[in-house]
Amino acid sequence: MNTQSTPVHISLWHRDFWLLVLTDLLLTVAVYLLIPVLPLWLMDSQHLSPEQTGWAMGAFGLGLYLLGAQCSWLVQHYRRNVVCLWAMTAMAATLALLWYFDTHGTPFVPFWFLLLQRFLLGASFGLAQMILSSTLIIDTCESFHRTEANHHAAWFARFALSLGPLAGLLVYSLFAFQGVVWTAVGCVAVSFLLVRAINFPFRAPEENIHVVSLDRFFLPHGFPLFANLLMVSTTVGLLLTLPLQPVFFAYMMGGFLLALLAQRFVFRNAELKSEVVSGLLLLIAAEGVLLVAPESSVAPVLVGLSTGIVGTRFLLFFIKLSRHCQRGTSQSTSFLGWESGLALGLALGYLLFYLQPEALIYTALLLTVAALLLYHCFTHAWFMRNKNR
């Protein structure tokens, strides 16, 4: 049978790797802090309509693609860690703009300016994460540890989906919106210091590197996987626009921990197809629970369990699909599929389903069923025919 189990090697967890996975976690937390809080500020303080709020949340997803095509050229012509540090600096400056808007700006910030801020935040976050996952983490590991390193680093970023919104809501209740902004800036600042603490040796640039290329950006022959992952993460983004309490994200973290155990013990020798199918069935169950018992603690646990299982397996599929020297590109494609879907789901949730929780959940349910059918009927067989590892 086609099975896969990612091993654990203690030797991977050296100082530099720890610093980089913590950087991955903190950078993602800095962005996810705003998921439940920013729409409240936009509608209550800036008096944006739900439709405008949806466009603002979606602009972040578009920004992710702005600098991706230049990523390879940048890391070849400048020191790779320095480019990442500059991207983090841009993230911090863009986040600090929200503090300026809240305290020193005009009573109502122009809508186009808020769109620009979100777009630039997406661009700087996208570049920082692409360099981090496609270059820095890979460069600090032995070649036979790289799949394991990608797997573990992705889990640290995935934890941010529960830790970020949970911290954002708690800080917002104690210190209002400014506290959330400065917490996000602090996360980026600590990430900056962690990367500065690592010594990356100089590497001579390759010749004939194009300013614009798909290297370290997007894997064209992985588009079916990308589209299927996009559908799943869009569903998650839709659910995150519901009026959720902090305890929801705490339970979601419990689901992530269960997903780790499931991968280690339940799916260790299972048929490869079973993991994604089981994960999507669990997500369908979570949406069903949200329909009949919105306050139940079962739903967030199932959301965390399902997204943990599905997200991990799709990442490993992208790695197996990549050809020689395309590992970094596969990482960036998986990152874009996940983050684009979240941004799209957040945008659609406010654009189309604000204060309509039942309609939103039914839509998420239909989208999850469509993602499951696409995977079962097409994507898995396509992957088995086209994988390279």
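**Exercise 1. Locate Leu-260, classify its exposure and identify its contacts.**

Solution. Leu-260 lies in helix α9, where helices are DSSP runs of H or I with at least four residues, numbered from the N terminus. The structure is a predicted model, in which local features need pLDDT of at least 70, side-chain atom pairs count only at pLDDT 80 or more, and totals for chains, interfaces and linings use all residues. Residues are numbered from 1 along each chain as its sequence is written, and side-chain values use heavy atoms, with hydrogens and water left out.

Next, consider exposure. Buried means under 20% relative accessible area, exposed over 50%, and partly exposed in between (1.4 Å probe, protein chains only). Leu-260 has 29% relative accessibility and therefore counts as partly exposed.

Finally, consider contacts (heavy atoms within 4.5 Å). Leaving aside residues up to four places away in sequence, Leu-260 touches Trp-155 and Phe-159. Ile-309 is 49 residues from Leu-260 in sequence, yet their C-alpha atoms are 7.8 Å apart.

**Exercise 2. Compare the span of helix α10 with its expected value, then describe its packing.**

Solution. The expected span is 1.5 Å times one less than the number of residues. Helix α10 (residues 272-292) has 21 residues and should therefore span 30 Å; its end C-alpha atoms are 32 Å apart, which agrees.

At the start of α10, the backbone nitrogen of Lys-273 has a side-chain oxygen of Glu-271 within 2.8 Å. The buried residues of α10 include Leu-272, Val-276, Leu-283 and Val-289. The buried residues of this helix pack against α8 (223-239), α9 (246-266), α11 and α13 (357-386).

**Exercise 3. Describe the largest and second largest cavities and their linings.**

Solution. On a 1 Å grid over the protein atoms alone, a cavity is a set of points where a 1.4 Å probe fits but cannot get out; lining residues have an atom within 4 Å of a point. A volume is the space filled by probe spheres set on the points. The count is 3 cavities of 30 Å³ or more.

The largest cavity holds about 370 Å³. Its lining comprises 21 residues, and among those closest to the centre are Ala-154, Arg-158 and Phe-335. Helix α7 gives the largest share of this lining, 6 residues.

The second largest cavity holds about 100 Å³. Its lining includes Tyr-32, Phe-60, Arg-118 and Glu-339. Helices α1, α3 (50-63) and α12 each give two or more residues to this lining, with the largest share, 4 residues, coming from α12.

Key:
1 Å grid on protein atoms, 1.4 Å probe; cavity = no way out; pocket = protein on both sides within 12 Å on 5 of 7 lines; lining within 4 Å. Polar contact = N/O pair within 3.5 Å; in protein donor to acceptor, adjacent residues only side chain to side chain.
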